[in-house]
Amino acid sequence: MAIDDKTRTELEAAAFRRLIDHLRTRTDVQNIDLMNLAGFCRNCLSNWLKDAADAQGVPLSKDESREAVYGMPYETWKSKYQGTATPEQLEAMKKVHPHNH
């Protein structure tokens with residue numbers, strides 16, 4: 001299927017927004033679990049958003065990009081939803097993502 005660049009960008013943006021909405025509703029899924037299973041997490045998404053903004057010369061702070069992904073300030077999300085990683089989770093993360101996240 002051939003689609004024009006504008007339509008492709010709109011579809012990709014819609015898929016990204018749906019992923020963000022999904023992650024916001026799945027507060028039971030910890031970032032470390034995402035990292036261990038998929039090699040990325042909410043923080044990665046916020047970093048990629050900031051990288052894209054930087055590349056376009058759009059002012060976006062790290063805190064703003066995290067809030068865009070989490071739907072609230074990162075510290076609020078952490079205090080409400082982030083659990084303590086188990087030793088097994090931390091060990092698995094070292095194997096999957098050796099450069100500390």
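**Exercise 1. Work out how many aromatic pairs the ring rule gives, and classify Y70 and Y74.**

Start with the count: it comes to four aromatic pairs. The rule takes rings of Phe, Tyr and Trp (its six-membered ring) with centres within 6.5 Å, calling planes under 30 degrees apart stacked, over 60 edge-to-face and the rest tilted. Now take Y70 and Y74: their ring centres are 5.0 Å apart and the planes meet at 55°, so this pair is tilted. Zooming out, Y70, Y74, W77 and Y81 make up one aromatic cluster.

A quick word on the input: this is a predicted model, where local features need pLDDT of at least 70, side-chain atom pairs count only at pLDDT 80 or more, and totals for chains, interfaces and linings use all residues. Residues are numbered from 1 along each chain as its sequence is written, and side-chain values use heavy atoms, with hydrogens and water left out.

**Exercise 2. Decide whether Y70 and Y74 are buried or exposed.**

Buried means under 20% relative accessible area, exposed over 50%, partly exposed in between (1.4 Å probe, protein chains only). Y70 has 3%, so Y70 is buried. Y74 has 15%, so Y74 counts as buried too.

**Exercise 3. Find what L45 touches, and place L45 in the core.**

Contact means heavy atoms within 4.5 Å. Leaving out residues up to four places away in sequence, L45 touches F16, L19, I20, L23, F40 and V69. Next, the largest nonpolar core (buried Ala, Val, Leu, Ile, Met, Phe, Trp, Tyr and Cys residues joined through side-chain atoms within 4.5 Å) has 15 residues. L34, M35, C41, L45, V69 and Y70 touch the most other members.
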